[in-house]
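Subject: Structure for you to look over

Dear colleague,

I am handing over the structure we spoke about, and my notes on it follow below. Please read them with the structure open beside you.

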Amino acid sequence: MTVACAQGKIILCGEHAVVYGRPAIAVPVAEVQARATVEDGVEGQSIVIVARDLGRVVTLGDEASDETRDPLLAAAVNTLEYIGLGLGHDLVIVLESTIPVARGLGSGAAVSAAITRALAQHFSKDLTAEQVSRLVYDVEKLYHGTPSGVDNTVVAHQRAVYFVRGQRLEILRVGAPLLLLIADTGVESPTRAVVGAVRSAWQESKDRYETLFDEVGGTVVGIRDAMEKGDAAEVGRLMDENHRLLRAMEVSSSQLDALVNAAKRHGALGAKLSGAGRGGNMIALATPETCQEVKKALQDAGAQGVLQTEVKATTDVTGPLAPSMASPSQR
Ligand code: MEV
């Protein structure tokens with residue numbers, strides 16, 4: 001029996017604009033995790049995935065074609081093929097996850113990463129974080145259509161990342177810890193639908209959206225600099241600015257705005273929606289002094305749950321890593 005886990009993630013800034021080549025920053029959220037357990041099955045059983053929290057059981061061979069393949073099975077199939085094993089194995093993969101689904105916490109990417117890691121370990125194969133990232137990206141395309149690659153990157157590397165599609169991945173240097181509160185509107189918001197809505201709006205008003213994306217990119221660069229310096233007040237100010245731009249892109253909602261405003265009124269240094277928007281989560285940057293008050297304000301304003309996480313200060317980052325999201329032939 002082999003067990004592997006993957007942490008959730010949250011986007012600190014740059015969502016949506018990152019799909020159009022601008023930078024984004026995302027951080028792991030260790031407080032929520034997906035876990036995959038692989039066991040040898042009985043002969044002739046094929047590959048069976050039991051997703052306990054989703055109440056689903058899927059079996060390889062039951063799908064009509066590769067195109068209709070379930071993303072859970074795709075994660076297993078892609079991994080087995082990538083590590084040079086055929087699909088003739090009898091395996092049971094049990095999934096458990098504490099990551100809320102469709103809330104911008106990377107549940108799909110984390111489940112895929114856990115499956116990939118567990119299968120590689122089960123067959124004693126080593127995969128680098130970048131290889132895990134690319135395998136997860138292929139599955140993300142089934143969930144999200146045109147993902148930027150930021151989710152699989154942060155989930156596979158489990159570090160704070162500064163991400164630009166197609167460029168070398170940069171693990172962020174963080175000068176001082178950041179205390180984040182992640183509040184759930186309780187509204188499910190599938191990323192694919194919101195990314196599609198932004199694409200339609202961009203097609204109709206290209207100049208306006210390109211300007212908004214550029215402005216978002218400016219806030220992300222500013223947040224990276226402020227994080228490196230350990231300047232939490234400046235990070236917060238630019239998070240507020242990023243939220244204003246996301247509202248202009250029409251991806252906020254009355255619930256998200258209510259939570260953002262409540263956090264700000266009660267001492268958050270900054271607050272914004274996170275992920276695709278129109279539901280899902282928002283994040284507030286608190287300090288040890290304001291944390292409890294901001295948390296209570298979020299609960300009073302209707303948050304369905306508030307997670308607390310810390311972006312840890314780094315000391316061990318030396319330089320850029322592998323290019324992010326190369327084509328499959330570059331694997
Ligand atoms: C979703 O977590 C983030 C978006 O920017 C989409 C993406 O990057 O693929 C909205």
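**Helix α2 and its surroundings**

The 16 residues of α2 should span 22 Å at 1.5 Å a residue, and the end C-alpha atoms of the helix are 22 Å apart, which agrees. Please keep in mind throughout that this is a predicted model. Of the 16 residues of α2, 15 are buried, so the helix is largely enclosed by the rest of the structure. S107 lies in this helix, which runs over residues 107-122, and S107 counts as buried because its relative accessibility is 14%, where the cut-off is under 20%. Leaving aside residues up to four places away in sequence, S107 touches I99, P100, V101 and A102. Beyond the other end, α2 is followed by S124, whose phi is positive, near 55°.

**The two domains and their interface**

The chain is divided into domain 1, residues 2-172, and domain 2, residues 178-311, and the centres of these domains, taken over C-alpha atoms, are separated by 25 Å. In the interface, 34 residues of domain 1 are in contact with 42 residues of domain 2, and between them the domains bury about 3100 Å², with 63% of that area on carbon and sulfur atoms. On the domain 1 side, H16, Y20 and R103 lose the most area to domain 2, and together they account for 24% of what that side buries.

As for the polar side of this interface, five salt bridges are counted between domain 1 and domain 2, and 15 residue pairs, both members at pLDDT 80 or more, are in polar contact across it. The elements that give two or more residues to the side of domain 1 that touches domain 2 are β1 (2-13), β2 (24-40) and α3 (129-144), and β2 gives the most, with eight residues.

**Salt bridges**

Side chains of opposite charge can pair when their charged atoms come close. The count for this structure comes to 18 salt bridges, among them one between the side chains of R103 and D184, with a distance of 2.9 Å from N to O. That pair links distant parts of the chain, since R103 is in the loop between β5 (91-97) and α2 while D184 is in strand β8 (residues 178-184), 81 residues apart. Both partners are buried, R103 with a relative accessible area of 15% and D184 with a relative accessible area of 10%.

R224 forms a salt bridge with E170, in which the closest N and O atoms are 3.2 Å apart. R22, E210 and D214, for their part, are linked in a network of salt bridges.

The side chains of D257 and R247 also meet in a salt bridge, at 3.1 Å from N to O, and this pair joins helix α8 (residues 254-265), which holds D257, to helix α7 (residues 232-248), which holds R247, with the two positions 10 residues apart in sequence terms. D257 counts as buried at 15% relative accessibility, whereas R247, at 49%, counts as partly exposed.

A further salt bridge is formed by the side chains of D300 and K296, at 2.8 Å from N to O. Here D300 and K296 both lie in helix α9 (residues 291-300), four residues apart, which is about one turn of the helix, and D300 is exposed, with a relative accessible area of 57%.

**R52 and its loop**

Finally, R52 lies in the loop between β3 (47-51) and β4 (56-59). This residue counts as exposed, because its relative accessibility is 54% and the cut-off is over 50%. Not counting residues up to four places away in sequence, R52 touches V94, L95 and E96, and a polar contact of 3.5 Å joins the side chains of R52 and E96. R52 and V155, in turn, are 103 residues apart in sequence and 21 Å apart in space, C-alpha to C-alpha.

With best wishes

Note on methods: Residues numbered from 1 in each chain as written. Predicted model: local features only at pLDDT ≥ 70, side-chain atom pairs only at ≥ 80, totals over all residues. Heavy atoms only, no water. Buried < 20%, exposed > 50% of the residue type's maximum accessible area, 1.4 Å probe, protein only. Contact = heavy atoms within 4.5 Å. Expected span 1.5 Å × (residues − 1). Domains from an automatic or database assignment. Buried area = accessible area lost by both parts, 1.4 Å probe. Salt bridge = Lys/Arg side-chain N within 4 Å of Asp/Glu carboxyl O. Polar contact = N/O pair within 3.5 Å; in protein donor to acceptor, adjacent residues only side chain to side chain.
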